[in-house]
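Subject: Structure handover and notes

Hi,

Here is the structure I promised to pass on. Please open it next to this email, as the notes below are meant to be read with the model in view.

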Amino acid sequence: MLTLDFPGSRTLIDAIDAAVVKPTTHELTDSLRHSLCKLIRDNAVTLPECVFEANPDHYARRELYRSEEHGYCVVAMTWGPGQGTPIHDHDGMWCVEGVWNGALEIVQYELLEHDAQRYCFQPVGSIQAGAGSAGSLIPPHEYHSIRNPSDSAVTVSLHVYSGPMTRCSVFQPLPEDRWYGRDVRQLGLDRVH
């Protein structure tokens with residue numbers, strides 16, 4: 001179901017539909033990552049103007065499409081200057097993320113160990129992703145943080161999740177080095193207009 005029609009929306013949906021029928025998650029995410037990069041670089045899709053409006057209180061999440069046939073969701077995220085996330089997961093879902101404009105700093109983490117209350121993470125890579133680039137997260141390798149490194153520019157990214165992303169685990173630092181406490185966060189959506 002399309003939340004709001006925009007130029008190229010059918011092209012975007014057709015590209016995602018073609019990818020999600022691939023036989024394995026790796027093939028699916030590879031195909032989708034390549035398709036997103038091409039669509040962004042070719043200017044084949046014009047996202048709604050509202051996704052370029054930052055929310056001063058938090059990064060914005062706007063659902064653009066939910067596939068009734070395949071179950072995936074397309075969410076545009078708007079990152080104001082310096083806005084970002086703590087370390088988090090995607091609640092066991094695969095995701096492909098493409099940077100539409102601006103840049104994002106993404107840090108990936110490896111879960112080394114955990115007990116009932118604490119989780120030990122080690123950063124395993126950091127990238128600066130610019131417009132036209134895309135990456136994927138496939139559980140169990142889904143722990144990461146995202147941040148707009150600019151102090152003046154807004155960044156927009158497009159996220160395709162295997163299903164509705166309504167919650168995730170977030171991890172906040174504890175006094176012990178590399179240890180974090182876990183909280184489950186219910187995720188809301190900002191208005192699309």
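Below are some notes on how the model is put together.

This is a predicted model, where local features need pLDDT of at least 70, side-chain atom pairs count only at pLDDT 80 or more, and totals for chains, interfaces and linings use all residues. Residues are numbered from 1 along each chain as its sequence is written, and side-chain values use heavy atoms, with hydrogens and water left out.

**The five-stranded sheet**

Let me start with an open sheet of five strands, in the order β1-β2-β9-β4-β7 and with antiparallel pairing. Helices (H or I, at least four residues) and strands (E, at least two) are DSSP runs, numbered from the N terminus, and two strands pair if DSSP finds at least two bridges between them. The edges are held by β1 (60-66) and β7 (134-137); each has a single partner strand, so one side of each is left without a neighbour in the sheet. On average, neighbouring strands here are turned by 20° against each other, direction ignored. For angles, axes are lines fitted to C-alpha atoms, for helices over the stretch in contact, and values run from 0 to 180 degrees between N-to-C directions.

Strand β9 (residues 155-161) pairs with β4 (residues 95-101) in the antiparallel sense over six bridges. In that pairing, Cys 95 has Tyr 161 of β9 as its bridge partner, while Asn 101 is bridged to Val 156 of β9. Strand β2 (residues 73-79) also pairs with β9, again antiparallel, over seven bridges; there, Val 75 is matched with His 159.

How many residues of β9 are buried? Seven of its seven are (buried means under 20% relative accessible area, exposed over 50%, partly exposed in between, with a 1.4 Å probe and protein chains only). Thr 155, Ser 157, His 159 and Tyr 161 point one way from the strand, whereas Val 156, Leu 158 and Val 160 point the other way.

**The helices**

Helix α1 (residues 9-20) has 12 residues and should span 16 Å at 1.5 Å a residue; its end C-alpha atoms are 17 Å apart, which agrees. The expected span is 1.5 Å times one less than the number of residues. Buried residues of α1 include Leu 12, Ile 13, Ile 16 and Val 20. The elements that cover its buried residues include α2, β1, β2 and β9 (contact means heavy atoms within 4.5 Å). In the loop between α1 and α2 you will find Val 21, which counts as exposed at 55% relative accessibility. Val 21 and Gln 117 are 96 residues apart in sequence and 38 Å apart in space, C-alpha to C-alpha.

**Strands β5, β6 and β8**

Strands β5 and β6 run antiparallel and are joined by 11 bridges, with a hairpin of three residues connecting them. β5 is also joined to strand β8 (residues 144-147), antiparallel, by four bridges. Ile 106 takes part in both pairings: its bridge partner in β6 is Ile 127, and in β8 it is Ile 146.

Cys 120 is in strand β6 and is buried, with a relative accessible area of 3%. Leaving out residues up to four places away in sequence, Cys 120 touches Glu 110, Leu 111, Leu 112, Glu 113, Arg 178 and Trp 179. Cys 120 and Leu 39 are 38 Å apart in space, C-alpha to C-alpha, and 81 residues apart in sequence.

**Aromatic rings**

A search of the whole structure finds eight aromatic pairs. Rings of Phe, Tyr and Trp (its six-membered ring) pair if their centres lie within 6.5 Å; planes under 30 degrees apart count as stacked, over 60 as edge-to-face and the rest as tilted. The rings of Tyr 109 and Phe 121 have centres 6.3 Å apart and planes at 75°, so this pair is edge-to-face. Tyr 109 lies in β5 (residues 103-114) and Phe 121 in β6 (residues 118-130), 12 residues apart, and both are buried. They belong to one aromatic cluster together with Tyr 119, Tyr 143, Phe 171 and Tyr 180.

Lastly, the charged end of Arg 118 sits over the ring of Trp 179, 4.0 Å from its centre. The test for this is NZ of Lys or CZ of Arg within 6 Å of the ring centre and within 35 degrees of the ring normal.

Best wishes
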